[in-house]
Amino acid sequence: LGGIGSTSRSYMGISMLGTEEFLIPANTPLASYVELEVYAASSLAEQSTPATHDIVDVVETASSVRFEGRDLDLNDLGGSVRWTLPVSTTHIDGYVVYVAE
């Protein structure tokens with residue numbers, strides 16, 4: 001992290017061959033880092049030029065969630081879920097709705 005060839009990068013971990021994902025734990029401090037760097041590696045060497053991706057750490061959340069129930073059967077659920085959109089939707093591709101206990 002911190003720029004291609006930068007000395008201000010921090011080791012996050014290893015993802016094994018055949019894996020296309022690396023989980024960064026929630027609440028990992030962003031500090032002053034501005035990009036993610038992924039290097040291919042072997043037991044002999046690490047790739048000299050990484051693949052990079054700019055970090056966009058934003059808070060864009062829906063609010064004022066409302067439910068208008070329209071199913072009159074006991075133990076069934078149906079109706080409209082509505083919410084207020086965030087001020088900016090630049091980095092949002094859509095919304096995911098769950099039911100929870």
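How many salt bridges does the count come to? In this predicted model, the count comes to two salt bridges.

One of them joins arginine 9 to glutamate 46, with 3.6 Å between the closest N and O atoms. This pair links distant parts of the chain, since arginine 9 belongs to the segment before S1 and glutamate 46 to the loop between S1 and strand S2 (51–54), 37 residues apart. Arginine 9 has a relative accessibility of 39% and therefore counts as partly exposed. Glutamate 46, at 45%, is likewise classed as partly exposed.

Arginine 70 forms a salt bridge with glutamate 68, and here the closest N and O atoms are 2.3 Å apart. Arginine 70 has a relative accessible area of 58%, so the residue is exposed, because the exposed class begins over 50%. Glutamate 68, by contrast, has 37% relative accessibility and counts as partly exposed.

The segment before strand S1 (35–38) also holds tyrosine 11. Its relative accessibility is 67%, which means that tyrosine 11 counts as exposed. Although tyrosine 11 and glutamate 37 are 26 residues apart in sequence, their C-alpha atoms are 9.9 Å apart in space.

Glutamate 37 leads to the pockets of the model, being one of the residues that lie nearest the centre of the largest pocket; the others are Gly13, Ile14, Val38 and Tyr39. Rolling a probe the size of a water molecule over the atoms shows where empty space is left. The volume of the largest pocket is about 730 Å³, and 23 residues line it. Its lining consists of 13 nonpolar, five polar and five charged residues.

The second largest pocket encloses about 270 Å³ of space. It is lined by 14 residues, and Ile24, Thr28, Pro29, Leu30 and Ile55 are the closest to its centre. Sorted by class, this lining has 10 nonpolar, three polar and one charged residues.

Nonpolar side chains also occur on the outside of the model. Val65, Phe67, Leu77, Val81, Val97 and Val99 make a nonpolar surface patch of about 610 Å². One member of this patch, valine 97, is located in the segment after strand S4 (79–84). With a relative accessible area of 51%, valine 97 is exposed, because that class applies over 50%.

Technical notes
Residues numbered from 1 in each chain as written. Predicted model: local features only at pLDDT ≥ 70, side-chain atom pairs only at ≥ 80, totals over all residues. Heavy atoms only, no water. Patch = residues over 30% accessible without salt bridge, like charges linked within 9 Å, V, L, I, M, F, W, Y side chains within 5 Å. Areas by Shrake-Rupley, 256 points an atom, 1.4 Å probe, with all protein chains shown as cover. Salt bridge = Lys/Arg side-chain N within 4 Å of Asp/Glu carboxyl O. Helix = DSSP H or I, 4+ residues; strand = E, 2+ residues; numbered from the N terminus. Buried < 20%, exposed > 50% of the residue type's maximum accessible area, 1.4 Å probe, protein only. 1 Å grid on protein atoms, 1.4 Å probe; cavity = no way out; pocket = protein on both sides within 12 Å on 5 of 7 lines; lining within 4 Å. Points joined across faces, edges and corners; volume = space filled by probe spheres on them. Nonpolar A, V, L, I, M, F, W, Y, C, P; charged D, E, K, R; others polar.
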